[in-house]
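These are my notebook entries on one structure. I record what I looked up, entry by entry.

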Amino acid sequence: MPRPGLALVIALCSLTAAAQMTARQVVDHNLEARGGAQGFAAIHSLSFTGILQFGSGQSAPMSVWLTTQPARIRIEILLPAGKMIEAYDGTRAWQMNPGSTAAIVLHGAAAWRVRDQALNGADLLPNPNAQPHLVGTGTRAGHRYYIVSFALATGDVFTYSIDSLTWLSFQETYPGGVEEVADYQRTGGLLLPTKLIGGPTSPHPTTLVIQHTAFNTPIPAARFQMPAASKPGVTKHGRP
């Protein structure tokens, strides 16, 4: 058994080595813990259904479809007033509000927010084109965690806190917010979070509980395209 002084030296050396871990090493550990980089690289499309729970106590069914090449996404939320749709078709972001029959093109921060979700794999898939940066470390329940950041093509920066015991991310920050990531479950050999809590420290956080996820199911490009505007006085059959 090591003497107390030697044990302290060994512990300090271990902490020093951990502190010198690179962002790439942290990300590689994260990918390995979640099922491997090759498994994620093989994903070309993803879809999931879940329940969006609002801080007010209300909830709404939610469905998401996305592809990785090109990066596209469609989000549908069934609200009491009707279905709300947000999408990015690879070129432009658009939205259709509940009760509306016409979609609108999004611009500025609103468009980037939807595009970020497509580029970032709806917070479920790692982005193979993003370069990680180690921006800090911390201590959680007596052990270390690493803070790694990625800059997307939009210029927006996403930051993940990754636990050094499980090598899973437990918190994500993004422009305008913070999200707690929890309840990892295995789907198709890969670990994915099934609970995303937006504004976890607020009195009324919004929680997404993912119920079913599918990989590589065919998703037609038309699902992401903005619907053509309806012409006044003309029915869907083309007759007044």
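Entry 1. Terms and confidence. I count two residues as in contact when heavy atoms lie within 4.5 Å. The model I am reading is predicted, and I therefore began with its confidence, since predicted coordinates should not be read in detail where pLDDT is low. The protein averages a pLDDT of 88, and 87% of the residues score at least 70. I found pLDDT under 50 throughout residues 6–18, a segment with four contacts beyond four places in sequence. Residues 230–240 also stay under 50, with four contacts beyond four places in sequence.

Entry 2. Overall description. I listed four helices and 13 strands for the protein. Of its 240 residues, 42% are buried. Among contacts with a separation of 6 or more, 42% join residues 24 or more positions apart. I noted an accessible surface of about 13,200 Å²; carbon and sulfur atoms hold 57% of that surface.

Entry 3. S45. I looked up S45 in strand β1, which spans residues 45–53. Is S45 buried or exposed? Its relative accessibility is 6%, so S45 counts as buried. I then asked which residues S45 is in contact with, leaving aside neighbours within four places in sequence. They are L66, T67, A214, F215, N216, T217 and I219. I also looked up the C-alpha to C-alpha distance from S45 to G121: 9.3 Å in space, for residues 76 apart in sequence.

Entry 4. Cores. In soluble globular proteins, nonpolar side chains tend to be buried together. I looked up the largest nonpolar core here and found 43 residues. L46, F48 and I73 have the most contacts inside that core. For F48, I listed the residues it touches more than four places away in sequence: M62, S63, V64, A122, L124, L208, I210, H212 and T213. Another core, of six residues, lies apart from the largest one. Its members include A87, W94, M96 and M226.

Entry 5. Strand β4 and its partners. I next examined β4, residues 82–88. Five of its seven residues are buried, so the strand is largely enclosed by the rest of the structure. Strand β3, residues 71–79, runs antiparallel to β4 and is joined to it by seven bridges. I77 has M84 of β4 as its bridge partner. A hairpin through two residues joins β3 to β4. I then followed β4 to strand β5, residues 93–96; these two strands are antiparallel and share four bridges. I85 stands opposite M96 of β5. The hairpin of β4 and β5 has four residues between the strands, and in it G90 takes a positive phi near 100°.

Entry 6. A103. I located A103 in the loop between β5 and β6, the latter being residues 104–105. With a relative accessible area of 15%, A103 is buried, because the cut-off for that label is under 20%. Which residues does A103 touch, not counting those up to four places away in sequence? I found W94, Q95, M96, M226 and P227. Of these, W94, M96 and M226 are among the members already listed for the six-residue core. A103 and I85 are 18 residues apart in sequence, and their C-alpha atoms are 8.7 Å apart.

Entry 7. Helix α2. I looked up the buried residues of α2, which covers residues 23–33. They are A23, V26, V27, N30 and L31. Why do I place these residues on the same side of α2? They cover an arc of only 135° around the axis, which puts them on the same side. I asked next what the buried residues of α2 pack against. The elements are α3 (37–41), β7, β8, β9 (157–163) and β10 (169–174). After α2 comes G35, with a positive phi near 125°.

Entry 8. Strands β7 and β8. Both strands appear in the packing list of α2, and I therefore checked how they pair: DSSP bridges define the pairing. β7, residues 133–140, and β8, residues 143–151, are antiparallel over seven bridges. G138 stands opposite Y145 in β8. The two strands form a hairpin with two residues between them. In its turn, I noted that A141 has a positive phi of about 55°.

Key. Residues numbered from 1 in each chain as written. Predicted model: local features only at pLDDT ≥ 70, side-chain atom pairs only at ≥ 80, totals over all residues. Heavy atoms only, no water. pLDDT = per-residue confidence, 0-100. Buried < 20%, exposed > 50% of the residue type's maximum accessible area, 1.4 Å probe, protein only. Core = buried A, V, L, I, M, F, W, Y, C linked by side-chain atoms within 4.5 Å. Areas by Shrake-Rupley, 256 points an atom, 1.4 Å probe, with all protein chains shown as cover. Arc of directions from axis to C-beta.
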